[in-house]
Each structure stands twice: as structure tokens, then as C-alpha cells.
Amino acid sequence: MEILETVKGILMDSGLMQFFVPEGWKNAVMIAVACGLLVLAIHPKFRFEPLLLLPIAFGMLLANLPNTGIYHPNIWATPEVVEGVAQEFEYWSYDGSTFHILAGKVLQHGGLLDILYLGVKLGIYPPLIFLGVGAMTDFGPLIANPKSFLLGAAAQLGIFFAFLGALALGMTSQEAGSIGIIGGADGPTAIFVASKLSPNILGAIAVAAYSYMALVPIIQPPIMRLLTTQKERAVKMKQLRNVSKTEKIIFPVLVTIVVSLLLPDAAALVGMLMLGNLFKESGVVDRLGKTAQNELMNIVVIFLGLTVGATTNGATFLTDDTLKILAMGLCAFAIGTAGGVLFGKVMYVATKGKINPLIGAAGVSAVPMAARVAQKIGREENPDNYLLMHAMGPNVAGVIGSAVAAGVLLNILG
């Protein structure tokens with residue numbers, strides 16, 4: 001009998017029994033989803049953004065295994081204010097208008113992923129990702145063809161359409177802003193904005209943003225073909241001029257000053273992006289540049305992926321709102337692509353056929369996948385067409401554009 005009681009006690013204390021409590025099935029569903037995402041990240045037939053999808057999927061798996069104590073969703077649930085009085089909550093303070101997470105309490109009582117999640121909550125990981133991105137980015141095509149800025153701006157159209165659509169569906173303005181930023185096709189930016197405006201839907205935002213980034217080669221081509229003619233797609237653009245080293249050094253400094261003065265809320269993202277690029281272009285800090293784009297970038301991606309995946313706890317993730325977010329995120333991305341292509345058509349007419357409208361689709365911030373898609377579609381119509389470098393201009397402009405859009409949303413809604 002004692003043995004039976006011992007076995008019974010072990011079973012009752014195990015995570016297995018938690019699947020049989022109300023809503024315990026949601027954790028089981030999310031574990032299955034996590035395993036499916038791992039297949040998409042690892043299997044040779046798919047390999048969708050494995051560097052991000054694999055840690056996100058494993059973070060999802062860890063967060064939905066019951067009784068591990070590795071992540072506590074209740075810590076990150078913002079307390080409510082009833083009749084002007086904030087509920088007492090161990091991990092938050094209230095200054096009369098805003099809640100602030102008590103990092104010391106989290107460090108003392110939180111699990112491993114709770115502690116790592118502070119990097120998301122405090123806005124540390126996304127700017128560090130931008131530092132690495134900047135160290136790997138060549139802004140030469142954008143400098144050589146400044147008109148690319150317009151294409152990058154036009155591709156942010158989906159952000160504001162999705163924002164208005166989310167408001168129409170009854171979302172709060174903060175949630176609508178977080179959903180809209182998915183249209184920029186920039187995962188770190190989406191996480192940065194969502195962590196500031198609506199951390200309660202961060203998991204759904206991150207999954208949508210990274211899913212659509214991975215699906216760029218599937219989502220964009222039908223839109224690009226639908227909105228352009230065969231003649232437009234076959235346009236062969238002239239080779240870009242050579243950009244001097246001086247221009248490449250001045251550019252990140254100038255962009256940082258201008259954007260930070262106009263939109264201080266975008267300074268963290270744009271500043272780190274441009275610092276990484278200055279590491280690359282200055283030629284005097286090769287060690288720092290290589291560290292930013294390799295060791296540091298890899299470490300931050302692991303932490304960011306795990307903690308973002310952990311926010312997809314079944315109880316909070318499997319809701320009607322998640323489906324709405326995924327649907328609106330797809331609309332935002334599609335409209336952003338369409339906006340870039342349509343503005344490319346305007347430039348095609350204005351330049352009397354010298355601009356290939358396909359490069360407008362690269363104005364979303366999925367670097368360099370969107371530029372590669374433009375190259376691929378262009379070569380289908382004209383095998384001698386090499387649009388990659390031309391498309392990289394709008395593509396890197398889209399990185400800056402999404403960060404600027406994030407600053408606008410944070411300034412208005414934060």
C-alpha cells in the first residue's frame with residue numbers, strides 16, 4: 001500500500017495530471033504546435049528561419065510543460081486598476097498612471113525564462129539584434145539611390161492599415177499599434193513595440209511576425225505578379241554608382257541624429273542599427289563588428305527566441321484574439337507588399353520605365369529575403385535582369401522605416 005501511495009503521490013505531483021484540469025488541454029495543444037514548428041525549422045524540406053524558429057518553438061515547448069517552474073505567466077500579467085486603485089501585485093509597482101515591473105522581485109522568485117524575459121520587457125534584446133543587423137548591412141545601394149527611401153516608406157502602408165483595422169475590430173489602441181507593426185516584417189521591431197504597448201499579446205505578435213517573415217517567398221510573389229505587367233517585371237535597371245567610404249561613414253551618423261531628434265522613441269532601435277553599421281564601415285573596429293554580427297547576435301537570438309516562445313502559454317495564447325492577430329498580421333504584410341509595388345509603378349511611370357516596380361516589394365523589412373524574391377521574379381521575365389542590389393536599397397530602407405514607424409506608434413500610444 002505504501003508503494004501505491006508513493007506512486008500515486010508522484011503522479012499527482014507530476015505535470016501529467018495538469019493536462020486533465022480545466023483548460024489543461026490548451027497546454028497539450030501548444031506542445032503539439034511547438035513540435036510542429038520544430039519540424040518546420042529542422043526538416044530539410046522546410047527549414048523556415050531555423051535560427052529564430054527553433055529557439056522560439058523550444059521556448060513554447062518549455063513554457064507549456066506543467067509544473068516546471070521555468071516560466072510564470074502570472075508574473076507578467078499586468079494588474080488591473082479598479083476605480084483608480086491598483087490591485088496589489090507582488091511583481092509590479094504603480095505610480096498613479098503606469099505599471100512598472102519590479103525586476104528585483106523577478107530575479108528573486110522567477111524561473112529561468114522569467115529572468116531571461118526581463119531582456120524583452122526592459123527593451124534590451126531588440127536593440128541588440130539591430131546592432132548585429134547593422135553590422136551585417138550594406139547601406140550602399142540606398143545611398144546610391146536615395147529614391148529607395150520612398151519605396152521603403154510606401155511599404156510601411158500595411159502597418160497603418162492594420163492599425164485601423166484592429167481598432168475597427170474592437171482592439172485597444174495599444175493592441176492595434178502592436179498588431180499593425182507586423183506589417184513591417186521585422187520581428188525585433190514587432191517585439192519591441194508589443195513589449196512596450198501590449199505585452200499581453202506579445203506571444204501572438206511574435207509568432208505572426210516571424211511566421212510571415214519566413215513565408216516571404218510564398219506570400220509576396222502572387223501579389224507582385226498580380227499588380228505588375230510582364231513588361232514592367234522585365235525592366236532592366238542601370239547599374240548603381242559606386243558609393244565612397246566617406247558617404248558610408250557619414251550616413252549612419254546623420255540618420256541617427258535626424259531620426260533621434262524627430263522621433264526620440266525610435267532612437268534605441270535606429271541608434272543601435274547605425275552603430276553596428278558604423279562598426280562595419282569605419283574599418284577601425286573589425287573585432288567589434290565581427291562580435292556584433294556573430295557572437296553577440298547569436299547569444300541574443302537564443303535568449304530572445306526562448307523568451308518569446310515562452311509567452312505562448314496555452315491559457316493565454318489559444319484565444320479568439322490570437323486568430324484575429326494572425327489574420328490582421330497577414331493583411332498588414334500583404335498590404336505593405338502591395339503598397340511598395342504600387343509606389344514602384346508610380347516611379348516606373350515617373351521615370352519613363354527606368355524603375356522596375358518589383359523592387360518596391362522589397363520595401364518591407366525582411367532582409368535580404370524580400371530583395372531575393374524581387375530578383376527571382378524579375379529573372380523569370382528577363383534572364384539577364386539583376387535586381388538584387390537595386391532591391392537592397394528599398395529593403396534596408398524598410399528596416400529604417402519600420403523602426404521609424406515603431407517610434408511614431410510609441411510616441412502616440414505609449
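Biologist: What makes Y71, W76 and Y117 one aromatic cluster?

Modeller: This is a predicted model, and in it Y71, W76 and Y117 form one cluster of aromatic residues. Y117 pairs with Y71 and also with W76. The structure as a whole holds five aromatic pairs.

Biologist: Why are Y71 and Y117 called an edge-to-face aromatic pair?

Modeller: You look at the distance between ring centres and the angle between ring planes. For Y71 and Y117 the centres are 6.3 Å apart and the planes make 80°. The cut-off for a pair is 6.5 Å and edge-to-face needs over 60 degrees, so both tests are passed. Y71 sits in the loop between α3 (50-63) and α4 (73-76) and Y117 in helix α6 (residues 112-121), so their pairing ties together parts 46 residues apart in sequence.

Biologist: How do you know whether Y71 and Y117 are buried or exposed?

Modeller: Buried means under 20% relative accessible area. Y71 comes in at 11%, so it is buried. Y117 is at 2%, so it is buried too.

Biologist: And what makes W76 and Y117 an aromatic pair?

Modeller: Their centres are 4.6 Å apart with 70° between the planes, so they also pass as a pair and as edge-to-face. With W76 in helix α4 and Y117 in helix α6, the pair ties together parts 41 residues apart in sequence. W76 and Y117 are both buried.

Biologist: On to charges: how many salt bridges does a search of the whole structure find?

Modeller: Seven turn up. One of them joins the side chains of D138 and K248.

Biologist: Why is the D138 and K248 pair called a salt bridge?

Modeller: The N to O distance is 3.4 Å, and the limit is 4 Å, so the pair qualifies. D138 is in the loop between α7 (125-136) and α8 (140-144), while K248 belongs to helix α16 (residues 245-262), so this bridge links parts of the chain 110 residues apart.

Biologist: What makes K248 count as buried?

Modeller: Its relative accessibility is 19%, and the cut-off is under 20%, so K248 is buried. D138, at 27%, lies between 20% and 50%, so it is partly exposed.

Biologist: How do you know that E380 and R225 form a salt bridge?

Modeller: Here N to O is 3.1 Å, which is within 4 Å, so the name fits. E380 is in helix α21 (residues 369-381) and R225 in helix α14 (residues 216-227), with their positions 155 residues apart in the chain. E380 has 41% relative accessible area and R225 has 36%, so both are partly exposed.

Biologist: What about E281 and K280, why is that a salt bridge?

Modeller: Their closest N and O atoms are 3.1 Å apart, and 4 Å is the limit, so it counts. E281 is buried at 10%, whereas K280 is partly exposed at 33%. Elsewhere, salt bridges with shared partners join R225, K376 and E380 into one network.

Biologist: Last one: what makes T312 count as buried?

Modeller: T312 has 0% relative accessibility against a cut-off of 20%, so it is buried. T312 is in the loop between α18 (286-310) and α19 (314-317). The residues that T312 touches include M30, N64 and F317. A polar atom of the T312 side chain also lies 2.5 Å from the backbone oxygen of G309.

Definitions and conventions: Residues numbered from 1 in each chain as written. Heavy atoms only, no water. Helix = DSSP H or I, 4+ residues; strand = E, 2+ residues; numbered from the N terminus. Buried < 20%, exposed > 50% of the residue type's maximum accessible area, 1.4 Å probe, protein only. Polar contact = N/O pair within 3.5 Å; in protein donor to acceptor, adjacent residues only side chain to side chain. Contact = heavy atoms within 4.5 Å. Phe/Tyr/Trp six-rings, centres within 6.5 Å; stacked < 30°, edge-to-face > 60°. Lists of a residue's contacts leave out its neighbours within four places in sequence.
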